[in-house]
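Got your viewer open and a selection tool ready? Let's walk through this model together, from the whole chain down to a single residue.

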Amino acid sequence: MVRLSSLRVFMLDMDGTIYLGDRLFPCTLPFLSYLRSTGRRAVYLTNNSSRSRDKYVTRLASFGIDASPDDIFTSGEATTLWLSERAPGARIYLAGTPSLEREFEDAGFTLTAKDPSYFVLGFDQTLTYEKLTLICNLVRSGIPYIATHPDFNCPVEGGFIPDIGATIAYIEASTGRRPDVVIGKPNRTIAEMAMRKYGAAPEELAMVGDRLYTDIALGANAGIASILVYSGETTREDYQASSVRADFDFEDLAGLQRALEEADR
């Protein structure tokens, strides 16, 4: 049984959990302050591999949240950590944004289309038919194929744009192959990499979020605590109808803070 008082590192989903669009929830800053006052850590976790950690720091600062790049954990960084454990300095063909390319280069990888040892699929808005053909040929050749995350759509102002999941489906239709490894939520790998980076044991780590199929499913898949908040996508009715179960559920971070305070007493 999960004990709230034992949790030391809280991986926080962002939109729908600590803010909604451009509105910071009133409970967010008091919750973050309580974590700091009790020696706990907040980690801002995202599947989005298109943005640099510095951009998330700037976004959080606009809400008055003091975070450093080390407090941001993206599926892109998790992918570099996973690959560094297995093939440091490997030759990689990467489909991704310039900021993701810099992250891989900073991690010591060689980015090349010539005889790569791995293909890594990230969020890439520069896809062309020529690039997709190259990708499919690489995947068809049988080299290891890694995806940073599985999301089908990326939310943007006014709606959605296709994300990696849609590209995975395209590649599968052409080659018959799916990724050998998908790093991001709800897959356990992103939690395992977070444990390594932040030095947390499984019983000390919690995923806090508003989505059942990513945030809460990660808890079950990774063997860590999952905490559902109803401040974003999921309603109580959705949760009652779902087979995905959280260890705890609260209206928002204020409810989680009250429960932590009670557990600490």
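The tour begins with the overall fold and ends at one side chain and its surroundings.

**Stop 1: the whole chain.** Keep in mind that this is a predicted model. Show the cartoon and you will find 10 helices and 15 strands. Turn the C-alpha trace along its principal axes: the spans are about 60 × 35 × 35 Å. The radius of gyration is 19 Å, which agrees with the value near 18 Å for a compact globule of 265 residues.

**Stop 2: inside and outside.** Colour by relative accessible area. Buried residues account for 53% of the 265 in the chain. Switch on the surface next: about 12,000 Å² is exposed, and 49% of that comes from carbon and sulfur atoms. If you select the charged side chains, you get 27 positive and 36 negative ones, with the centres of the two sets 3 Å apart.

**Stop 3: contacts along the sequence.** A contact map is handy here. Of the contacts between residues at least 6 apart in sequence, 66% join residues at least 24 apart.

**Stop 4: Thr 17.** Now select Thr 17, in the loop between β1 (9–12) and β2 (19–20). Is Thr 17 buried or exposed? Its relative accessible area is 0%, so Thr 17 counts as buried, the cut-off being under 20%. Add the side chain of Asp 13 to the view: the side chain of Thr 17 makes a polar contact with it at 3.2 Å.

**Stop 5: the neighbours of Thr 17.** Finally, leave out residues within four places of Thr 17 in sequence and select its remaining contacts: Phe 25, Val 208, Gly 209, Asp 210, Val 229, Ser 231 and Leu 253.

Terms used:
Residues numbered from 1 in each chain as written. Predicted model: local features only at pLDDT ≥ 70, side-chain atom pairs only at ≥ 80, totals over all residues. Heavy atoms only, no water. Helix = DSSP H or I, 4+ residues; strand = E, 2+ residues; numbered from the N terminus. Rg over C-alpha atoms; globule rule 2.2 N^0.38 Å. Buried < 20%, exposed > 50% of the residue type's maximum accessible area, 1.4 Å probe, protein only. Contact = heavy atoms within 4.5 Å. Areas by Shrake-Rupley, 256 points an atom, 1.4 Å probe, with all protein chains shown as cover. Lys, Arg positive; Asp, Glu negative; His and termini not counted. Charge placed at Lys NZ, Arg CZ, Asp CG, Glu CD. Polar contact = N/O pair within 3.5 Å; in protein donor to acceptor, adjacent residues only side chain to side chain.
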